Amino acid sequence: MNSNFNPLSAEELVSRINKIPRIRLAQLPTALEYAPNISKELNINLYIKRDDCTALAFGGNKTRHLEFIMAKTLSGEYDCILTGAASQSNFCRQAVAAANKLNLDSYLVLMHGIKGKLMQGNFLLYNILGANVEVVDGENLEEIPKHLYRKYSQLIKEGRKPLLIYGGFGKEDTTLAGISYANAMAEIDLQMKEQNFMADHLFVTAANMTQAGCELGAKILNWPTRIQGISPVYWEMNIKKDIARICNEGAKLLDVNIKFNHEMINHDNTYVGEKYGATTKAGIEAMKLLANKESIILDPVYTSKGFAALIDYVQKGIIKKGDNVIFIYTGGSPAVFAYNEDINNPK
Ligand SMILES: Cc1ncc(COP(=O)(O)O)c(C=O)c1O
């Protein structure tokens, strides 16, 4: 860390974040819940940050992101949103839900992926929420921006005024999403004080921006905590560099003098399994264990793999007996309904 950096208190961090334009979509703070049964099982002290309970059409980490990303709609210059991801996208579900609240139409361009047009889980919820959905062939998420440009031109020709939301592929969107998770870290800072502990480890299932926000917030607040990101996807891009970039952009926006580089980022992609969107046996076992011990239902694509990693880190001794561990439950549970076969018959 830079020698001339002065850590901020949670209150100071929040007051800087509050200067950034935002619309309120989430019910915050979410709980930081001690999980006694699974703690006993794993011989650690496990706290779960319930970001699955942000509200907004089943909620999740993206509700926090969208509070900042969608603040642009306050200008009144947009009549709809356009975004895209995989067909069972939690992000798209929350974006459409936010658009409805703001009286905007929604257009989604979705990669077919492994669940395609299956009218279940998040795809069913786009239908109920009333989004305009186009499914394109393929499953490489890095092709999404290309499809978004095409759809954007089409909407403009039709006279629409879309807010194009790049999500994880946009420089500005990722920075704003990162800020929203620095805010979550300020929440956790106060909750740890109330509950009288400091985390040794924080686990988050993250493609890029959510982890970046956790890293940024934890450094600004000067936690000694080891932040560990668990990837749901194999990227072609250098994701640690991308996470460090988002942290640096966020630090600039918050006017804090911290510099990040990729070597500071712990990001593990060895729990993805076959590919993005496919379940893993360890993930399904982890999902069932947490459900059995704490009645918390993880999602099959992201958090079950993150939680499987947490269990494996305990077994490998990276997380030690008695350590205080926070697991950020980033949401996504509606996807379980699209994965009934995979959950019933894990391979
Ligand atoms: C449930 C869940 N967890 C984690 C993530 C990863 O978040 P990010 O892309 O911000 O790193 C996502 C992204 O879609 C998600 O839906």
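**Backbone exceptions, domains and sheets in the predicted model**

Asn-196 is exposed, since only 6 other C-beta atoms lie within 10 Å of its own, where 12 or fewer is the limit for that class. In this predicted model, Asn-196 belongs to the loop that connects H7 with E7, and its phi is near 65°, a positive value in a residue other than glycine. A second residue of this kind is Asp-255, whose phi is near 60°, again positive in a residue other than glycine. Asp-255 is placed in the loop between helix H9 (239-253) and E9, and it is likewise exposed, with 8 other C-beta atoms within 10 Å. A further backbone feature is the cis peptide bond between Leu-28 and Pro-29, for which omega is about -5°; Pro-29 itself sits in the loop between helix H1 (10-17) and E1. Most residues other than glycine have a negative phi, and most peptide bonds are trans.

The domain assignment divides the protein into domain 1 (10-61 + 178-344) and domain 2 (62-169), and the centres of the two, taken over C-alpha atoms, are separated by 24 Å. Their contact draws 33 residues from domain 1 and 31 residues from domain 2. On the side of domain 1 that touches domain 2, the largest share, four residues, is contributed by helix H7 (residues 171-195). By class, that side of domain 1 comprises 21 nonpolar, nine polar and three charged residues.

The ligand is surrounded by 19 residues, of which Asn-90, Ala-207, Thr-210, Thr-330 and Gly-332 come nearest. Two elements, helix H4 (90-101) and helix H8 (209-220), give two or more residues to this shell, and H8 gives the most, with three residues. In composition, the shell around the ligand divides into six nonpolar, 12 polar and one charged residue. Because domain 1 (10-61 + 178-344) and domain 2 (62-169) both give residues to the shell around the ligand, the ligand lies between them.

One open sheet consists of six strands in the order E1-E2-E10-E7-E8-E9, with mixed pairing. Its edges are formed by strand E1 (32-34) and strand E9 (267-268), each of which pairs on one side only. Within this sheet, strand E7 (residues 201-205) and strand E8 (residues 226-230) run parallel and are joined by five bridges, and His-201 stands opposite Arg-226 in E8. Helix H11 (residues 303-315) packs on the sheet, where it touches E7, E8, E9 and strand E10 (324-329), and the direction of H11 makes about 150° with that of E7.

Another open sheet is built from four strands in the order E5-E4-E3-E6, and its pairing is parallel. Strand E5 (132-136) and strand E6 (162-165) stand at the edges with a single partner strand each, so one side of each is left without a neighbour in the sheet. On average, neighbouring strands of this four-stranded sheet are turned by 20° against each other, direction ignored. Strand E4 (residues 105-111) runs parallel to E5 and is joined to E5 by five bridges, and the bridge partner of Val-109 in E5 is Glu-134.

Definitions and conventions. Residues numbered from 1 in each chain as written. Predicted model: local features only at pLDDT ≥ 70, side-chain atom pairs only at ≥ 80, totals over all residues. Domains from an automatic or database assignment. Contact = placed C-beta atoms within 7 Å. Nonpolar A, V, L, I, M, F, W, Y, C, P; charged D, E, K, R; others polar. Pairing = 2+ DSSP bridges. Axes fitted to C-alpha atoms, helices over the stretch in contact; angles between N-to-C directions. Near = placed C-beta within 6 Å. Buried ≥ 20, exposed ≤ 12 C-beta atoms within 10 Å, placed from the backbone.
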